[in-house]
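This report describes strand pairing and pockets for a reader who works with computed structures. It begins with the local pairing of strands and then turns to the pockets and the residues around them.

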Amino acid sequence: MSNAKAAAVIGLGVGAMLITQGGDPLDSVGSWYPIWSEMGLRGAPARAFFCFSVGVLFVAIGWLYRLLFSPLELLRSLEDVGYVEEDGRTKAQAANDARRRRKIGELPPVYPNGWYRVLDSHMLQRGEVKNVSILGEQVAVFRGHDGKAYVVDAYCPHLGANLAVGGRVFGNCIECPFHGWKFQGDNGVCVKIPYAEKVPDFASVHSWPTCEVNKQILVWFHCDGEEPQWIVPEQPEITNDEWVYRGRTEHFINAHIQEIPENAADIAHLSHLHTPGMLSGADLRYTNSKIWEFVQHDWKVEWKPESEPNKHCSQMFVKHALRVFGCHWPLLDVSVVARQVGPGIVFLLFDQTFLGRGVIMHCVTPVEPLLQCVTHTIFYQSNIPPVVPKFILKVECIQFERDVMIWNNKKYVSKPLLVKEDSAIQKHRRWFSQFYSENSPRLQYQRDKLDF
């Protein structure tokens, strides 16, 4: 139950208690009683009005508490953003139609090698199991009683039951809900079959290489089963709680994974797509409305790859300025260093004299070949009022959703028509190609059904 609903229930409960009790509840409100009496509020009407007033007060308190203290969490479904519902269609119908009729283009492999976010740490409690779709697979994510997170293939090799649907955690093992087979989280080996004298040596499920860093659970994917080739760097301010969790957003995007980080090198699109202020919203049909022209963003951006031993990393340097009625507001200038680590993780590091420091963890995780789950999780200085990072996250969400509307409807062009000012895009594609191997999976589909 949300804070607002809880506050309303409490307020109505208090009011109802006062209505059902004997006497006049206004006898206890002192100096307010004569004022309400002059309004003609006595007896049952007075009690009803008092009930309503208490309810509104609690709702207002709950709303204010959420605004000032609670993390901001904006979780969008696939059809919520980036599609235009016309001719009486619902959002879901518009999304399905767009996905079916859109030309795909000549795509790179769909699952690059690298680390991917599965869950935020606080979403998985000790002894808890969750079913997650990732990289075209179903996996069981569970936290053992030692506090460590494990990820194994969801389907039991015995008769195919889903370990994450009804499975239980015993120690550092997960138990199959169908026949009670127990599998170790660290290596997937079956350690017990309750009705068998001996466990076959080959009885196991695939266990994914896993790490938990920056309060996120990550898994390593490599098409050839190779061990992790780099580690995800720790952000010490998150580990030591100098920066605290202030919220997250979640979007599902109908695009190839490479399209999303490629935006970092597409410098020209910033001045065209992201100049209108946040008040213009995310629907590209209305972002250039003259009503909101008085607020505009200025961007200066540079993208470059890193060299050995960090060739799997790249950096985008952003200087952002805000103009209101044509006047520059220096106090709101923000410098951002966006460091990408592999294909699916980006650290957006904020450093602002007036607003403080923090990071947005931008994570892209393939769910299916052309379906990406993108999350933005913000950690910010604990001594900065929560409303500040929540505002930053909201602005980031609006700007990001403008890109979503492009990604959800575009075609991937393998040989784009570029001008010299677009040279960073080609450099980014060469850099990103290192995450593909000869055996990296490619999209396969049936043309007659368009079933991807």
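## Strand pairing and pockets

Strand 10 (residues 210-213) and strand 11 (residues 216-221) run antiparallel and are joined by four bridges; the model in which this pairing is found is a predicted one. Within this pair, the residue that stands opposite Gln216 of strand 11 is Val213. The two strands, 10 and 11, make up a hairpin that leaves two residues between them, and in its turn Asn214 has a positive phi of about 55°.

An open sheet is built from four strands in the order 6-7-8-9, and the pairing in it is antiparallel. Its edge strands, each of which pairs on one side only, are strand 6 (168-170) and strand 9 (190-192), and from one strand to the next the twist averages 35°. Three bridges connect strand 6 with strand 7 (residues 173-175) in the antiparallel sense, and one of the residue pairs here sets Arg168 against its bridge partner Glu175 in strand 7. In general, the strands of a sheet pair through backbone hydrogen bonds, in either a parallel or an antiparallel manner.

The pockets are taken next, beginning with the largest. The largest pocket has a volume of about 1,000 Å³, and of the 40 residues that line it, Trp299, Val336, Phe350, Glu396 and Gln399 are the closest to its centre. Two or more lining residues are given by each of helix 6 (267-273), strand 13 (295-305), strand 14 (313-324), strand 16 (334-341), strand 17 (345-352) and helix 7 (387-407), and helix 7 provides the largest share, with nine residues.

The second largest pocket holds about 310 Å³ of space. Its lining consists of 17 residues, and those nearest its centre are Glu259, Glu262, Asn263, Asp266 and Lys410. Helix 6, helix 7 and helix 8 (423-432) are the elements that give two or more residues to this lining.

The composition of the two linings is set out below.

| Pocket | Nonpolar lining | Polar lining | Charged lining |
|---|---|---|---|
| Largest pocket | 26 residues | 12 residues | two residues |
| Second largest pocket | seven residues | three residues | seven residues |

Which elements give two or more residues to the lining of the second largest pocket? They are helix 6, helix 7 and helix 8, and of these, helix 6 and helix 7 are also named among the elements that give two or more residues to the lining of the largest pocket.

How values were computed: Residues are numbered from 1 along each chain as its sequence is written. This is a predicted model: local features need pLDDT of at least 70, side-chain atom pairs count only at pLDDT 80 or more; totals for chains, interfaces and linings use all residues. Side-chain values use heavy atoms; hydrogens and water are left out. Two strands pair if DSSP finds at least two bridges between them. Axes are lines fitted to C-alpha atoms, for helices over the stretch in contact, and angles run from 0 to 180 degrees between N-to-C directions. On a 1 Å grid over the protein atoms alone, a cavity is a set of points where a 1.4 Å probe fits but cannot get out, and a pocket is an open set with protein on both sides within 12 Å along at least five of seven lines; lining residues have an atom within 4 Å of a point. Grid points are joined across faces, edges and corners, and a volume is the space filled by probe spheres set on the points. Ala, Val, Leu, Ile, Met, Phe, Trp, Tyr, Cys and Pro count as nonpolar, Asp, Glu, Lys and Arg as charged, and the others, Gly among them, as polar.
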